[in-house]
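This report walks through selected features of the structure shown below. It starts with enclosed space, then turns to a pocket, a sheet and a single residue.

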Amino acid sequence: MNLRKFAIRGLIVLAVVVALCMFFSGTIKTITTAKIRVAQATTGRLEEEVDLNGALAFPQVDRVGHALEDGQSLTIARVNVRPGYEVKAGDVVIEARVADYENALKEQQSAYDEALEGLLELESKNAGIRLRPSDEQYADAYFALRDAMKASAARRIEMEALLAAEGLKLPDSGAPEGASEALVKAIEAWRAADSAEQAAQAAMDGVSRYAPDETTWTYITQKHDFEEKMAEAESKMAALSELNAAVQAIRAPHDGYIAEVAVKVGDTYDGSGNLFTMTAQDAPPVLRADVSQVNRTISEGMAVSIEIDQYSSVETQVVATGLDDEGKKYADVEITPDVRSARGSIYAMTLEETPMTLVFRAQQTSTLIASSAVHGTGDDRYVFTVETSYSNFGGSRMTVRKTPVTVLGEAGGVASVQEDLGYYEIAYMEDRPINDGDAVMLYAD
């Protein structure tokens with residue numbers, strides 16, 4: 001009886017000892033074996049994202065002003081647009097008026113009236129003079145020659161100034177070699193004016209025998225002077241009225257977006273600069289980003305993402321690159337209809353910069369794995385692939401094998417490698433250094 005009790009107690013003690021040995025052996029194995037996570041490699045193109053800010057820019061613009069004669073100016077009465085506004089051809093952009101229009105018109109009217117009074121008085125004093133056809137022929141030839149000589153002298157002065165500036169001499173025909181386009185045109189204009197003067201001189205020589213007597217000639221020249229003054233005053237009044245009507249509605253020459261408004265209400269404009277600039281035809285605005293700190297090659301067609309909200313974004317692309325006035329690199333991003341809708345309007349983009357993400361995408365497909373799974377430096381790079389073996393009793397054992405890889409690039413925690421690892425499980429996030437052939441186990445979830 002005592003022997004039986006002793007045997008039972010011995011069996012119980014043995015069972016406890018075996019259980020404790022199994023427990024501690026498992027614990028020791030757990031403590032001494034490296035823990036890993038495993039991941040499957042994927043195939044795709046490596047992408048790297050760079051956050052940028054784009055400011056609205058207008059790469060090509062048309063400059064819109066209004067030609068004025070010396071001494072004329074405009075007063076800006078109203079400006080109907082701001083930079084970023086969309087306009088259609090014919091839309092009224094600026095409203096203005098000729099400065100001191102009423103007084104300027106009154107001044108020319110007074111000049112006309114004064115010349116008219118002088119003409120009427122002259123006619124009254126010379127009522128007895130009867131002009132012969134020969135007198136009129138002589139007068140027409142004389143005044144035509146005078147005008148031709150004035151025009152020829154003006155064209156010659158312009159030409160000689162350009163010849164001196166370019167250090168060239170006038171040949172007997174044509175233009176000197178190396179002459180600018182402006183000089184070529186000036187020479188052509190002078191030659192035409194000189195020919196007209198010679199023709200006028202020939203006409204004058206043909207009627208010189210018809211010279212009127214002194215009294216008649218004095219009457220003819222005074223009458224011509226008064227008529228010239230009247231015609232000049234009348235022409236200036238017509239031009240003033242036409243100009244004042246035109247500048248009351250200065251319109252957009254074509255469809256586009258306003259890039260800059262150079263005047264404001266109350267300003268005086270003398271015709272020497274722009275009233276406004278707008279995008280040239282087929283040259284829409286863009287989002288221009290400073291990329292001088294991006295150490296990667298940026299080319300046309302690269303993808304750009306613009307966030308709408310935390311759940312969605314719109315896609316666009318780089319359409320141009322270049323250097324700004326300070327020598328900094330920039331990239332121009334296309335403003336698609338989706339981008340414009342997402343940001344509200346082109347005008348809204350003038351108020352603040354647009355955050356966007358430039359996406360560098362590899363040209364070719366490769367194997368993509370977590371960068372943390374790649375070990376080594378330089379040309380000696382490798383990963384640990386996982387092998388699992390099974391025993392006849394249902395147990396399993398995981399070991400790692402060192403596998404060399406060729407790293408093509410890394411971005412955003414992802415590495416692109418040349419080798420095909422699609423059939424392997426890759427070890428990463430190991431809790432301690434591991435070596436080829438080491439036994440490992442998965443982290444307990």
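The structure holds one cavity of 30 Å³ or more. This is a predicted model. The largest cavity has a volume of about 40 Å³. Its lining consists of Leu52, Ala289, Val291, Val304, Val318, Ala331, Val333, Met356 and Leu358. Two elements give two or more residues to this lining: β15 (329–334) and β16 (354–361). What is the make-up of the lining of the largest cavity: nonpolar, polar or charged? The residues divide into nine nonpolar, no polar and no charged.

Next comes an open site. The second largest pocket has a volume of about 280 Å³. It is lined by 14 residues. Glu69, Asp70, Gln72, Ala104 and Leu240 are the ones that lie nearest its centre. Helices α2 (101–125) and α5 are the elements that give two or more residues to the lining of this pocket. The most comes from α5, with four residues.

The two linings are set side by side here.

| Site | Volume | Nonpolar | Polar | Charged |
|---|---|---|---|---|
| Largest cavity | about 40 Å³ | nine residues | no residues | no residues |
| Second largest pocket | about 280 Å³ | five residues | five residues | four residues |

Helix α5 also leads to the sheet. Spanning residues 214–247, α5 lies across β5, β7 and β8. It runs at about 150° to β7.

In what order do the four strands of the open sheet come? The order is β8-β7-β5-β10, and the pairing is antiparallel. The edge strands are β8 (250–251) and β10 (268–269), and each pairs on one side only. Strands of a sheet pair through backbone hydrogen bonds, either parallel or antiparallel. Inside this sheet, five bridges join β5 (residues 74–79) to β7 (residues 92–98). These two strands run antiparallel. One bridge can be named: Thr75 has Arg97 in β7 as its partner.

Helix α2 brings in a last residue, Ser110, which lies in that helix. Is Ser110 buried, partly exposed or exposed? Its relative accessible area is 41%. Buried means under 20% and exposed means over 50%, so Ser110 counts as partly exposed. How far apart are the C-alpha atoms of Ser110 and Phe276? They are separated by 36 Å, and the two residues are 166 residues apart along the chain.

Terms used. Residues are numbered from 1 along each chain as its sequence is written. This is a predicted model: local features need pLDDT of at least 70, side-chain atom pairs count only at pLDDT 80 or more; totals for chains, interfaces and linings use all residues. Side-chain values use heavy atoms; hydrogens and water are left out. Two strands pair if DSSP finds at least two bridges between them. Contact means heavy atoms within 4.5 Å. Axes are lines fitted to C-alpha atoms, for helices over the stretch in contact, and angles run from 0 to 180 degrees between N-to-C directions. On a 1 Å grid over the protein atoms alone, a cavity is a set of points where a 1.4 Å probe fits but cannot get out, and a pocket is an open set with protein on both sides within 12 Å along at least five of seven lines; lining residues have an atom within 4 Å of a point. Grid points are joined across faces, edges and corners, and a volume is the space filled by probe spheres set on the points. Ala, Val, Leu, Ile, Met, Phe, Trp, Tyr, Cys and Pro count as nonpolar, Asp, Glu, Lys and Arg as charged, and the others, Gly among them, as polar. Buried means under 20% relative accessible area, exposed over 50%, partly exposed in between (1.4 Å probe, protein chains only).
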